[in-house]
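Biologist: Please take a close look at one part of this model. I would like the strand pairing and its burial, then the aromatic contacts.

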Amino acid sequence: MSHRLWLALLLTASLVGCQSQPSPEVPSAAVPTETLTLVVGTAPGTDDGRIQVYRFDAEAGTLALTTEIGGQRDPSFVATSADGRFVYAVNEAAGLVRAFAYEDGQLTFLNEQPAGGGAPCYLALSPDGQYVVVANYVGGNVALLPIEADGRLAPPTSVIQHEGSGPNAERQEAPHAHYIAPDPDGQYLLAADLGIDQVKVYEALADGPTLREVGVIQAQPGDGPRHLAFGADGRWLYVLNELVGTVTVYRYAPPVGMEAVQTVSLLPEGFAGANKSADLHVHPSGRFLYASNRGDYDSIAAFAVDEATGQLAPLGHTTDGITWPRNFVIDPSGRWLLVANRHADAITVYQLDPTTGALTFTGTSASVPAPTCLRFAPLA
């Protein structure tokens with residue numbers, strides 16, 4: 001499997017599951033021909049954090065809970081192996097990464113290892129599937145953990161500490177790594193650090209099971225880069241800046257020399273309220289980009305993508321059914337967008353017009369305690 005294909009699978013069809021009865025608040029239906037598996041991570045801040053698995057009917061746009069596992073304190077982000085046999089989840093409150101085997105519709109706990117720093121908030125797999133990489137928010141660092149043949153995790157073999165601070169005294173008093181994942185070719189790992197206004201470029205496995213910094217993308221002071229996404233052809237990198245509510249478009253030419261070509265606001269003109277932008281994803285066609293806002297204007301912002309220049313043109317905002325959208329996901333067909341509304345304890349479903357990019361709230365929702373991560377996954 002090529003590195004580019006692997007990343008496409010990871011970003012559009014990869015991440016977690018477990019054990020319980022269908023929720024009465026989720027439409028229950030027989031599994032149709034076109035059914036996807038949705039894995040959900042949560043962060044209620046208690047020992048009742050859950051990893052849930054849903055069946056998503058991609059014809060009707062409905063959700064049915066199939067299994068869940070509780071007792072997972074703040075499993076706020078999840079990832080799966082490309083073959084769907086193993087699941088990995090952060091334990092944000094305890095600073096751990098946990099491994100599970102997924103078989104016959106159930107998750108079995110395998111082991112856990114230290115994340116290498118405090119409050120792990122993002123993880124992904126290396127292109128070869130042999131390592132988990134983790135971004136530790138409070139620790140201000142990134143770590144690499146080898147995966148054993150049976151899916152278990154080994155202790156971190158590489159922990160890279162970020163240094164510095166930013167002008168926002170409340171949020172940038174120290175480094176805060178918020179994202180790490182491979183680029184489309186699988187040659188580099190990119191790590192967004194909100195605390196120091198940088199996206200660091202690492203060469204993966206340059207000297208064995210280690211990370212080596214080879215470049216830096218410097219954001220504007222106080223921007224707070226949080227999450228990243230790539231255009232369909234890999235030429236354009238989109239960086240969501242949480243602290244100022246913007247997306248910056250970079251010409252992607254690693255490891256150095258990335259050029260910023262545009263910055264656009266994620267908020268309506270004249271907006272002056274509180275906001276923490278959170279997540280962004282590019283439509284499978286590459287024609288649209290979506291980003292979420294949390295605060296006084298909870299919303300999903302939509303943009304048209306110019307395929308020649310990578311630049312963005314605003315299409316408007318969707319607010320119906322949205323409350324503190326920590327994370328969202330687009331299904332592989334590009335016809336549905338699902339939102340994790342952390343403060344509403346709900347996942348909401350939107351029909352996506354692949355021609356215009358418009359979103360329409362279907363009225364479908366699933367009751368989930370503090371959902372923070374949604375991933376379509378190759379779980380059987």
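Modeller: Here is a hairpin, followed by the aromatic pairs.

This is a predicted model, where local features need pLDDT of at least 70, side-chain atom pairs count only at pLDDT 80 or more, and totals for chains, interfaces and linings use all residues. Residues are numbered from 1 along each chain as its sequence is written, and side-chain values use heavy atoms, with hydrogens and water left out.

Start with strand E20, residues 275–282. Strands (E) are DSSP runs of at least two residues, numbered from the N terminus. Seven of the eight residues of E20 are buried, so the strand is largely enclosed by the rest of the structure. Buried means under 20% relative accessible area, exposed over 50%, and partly exposed in between (1.4 Å probe, protein chains only).

E20 pairs with strand E21, residues 288–295, in the antiparallel sense. Six bridges join them; pairing requires at least two DSSP bridges. One bridge links Leu280 to Ala291 in E21. The two strands form a hairpin, with five residues between them. In the turn, Gly286 has a positive phi of about 80°.

Now the rings. The whole structure holds eight aromatic pairs. Among them, Phe100 and Phe109 sit 5.9 Å apart, centre to centre, with 70° between the planes. That pair is edge-to-face. Rings of Phe, Tyr and Trp (its six-membered ring) pair if their centres lie within 6.5 Å; planes under 30 degrees apart count as stacked, over 60 as edge-to-face and the rest as tilted. Phe100 is buried at 0% relative accessibility, whereas Phe109 is partly exposed at 41%. Phe56, Trp336 and Phe376 form one aromatic cluster.

Notes:
Helix = DSSP H or I, 4+ residues; strand = E, 2+ residues; numbered from the N terminus.
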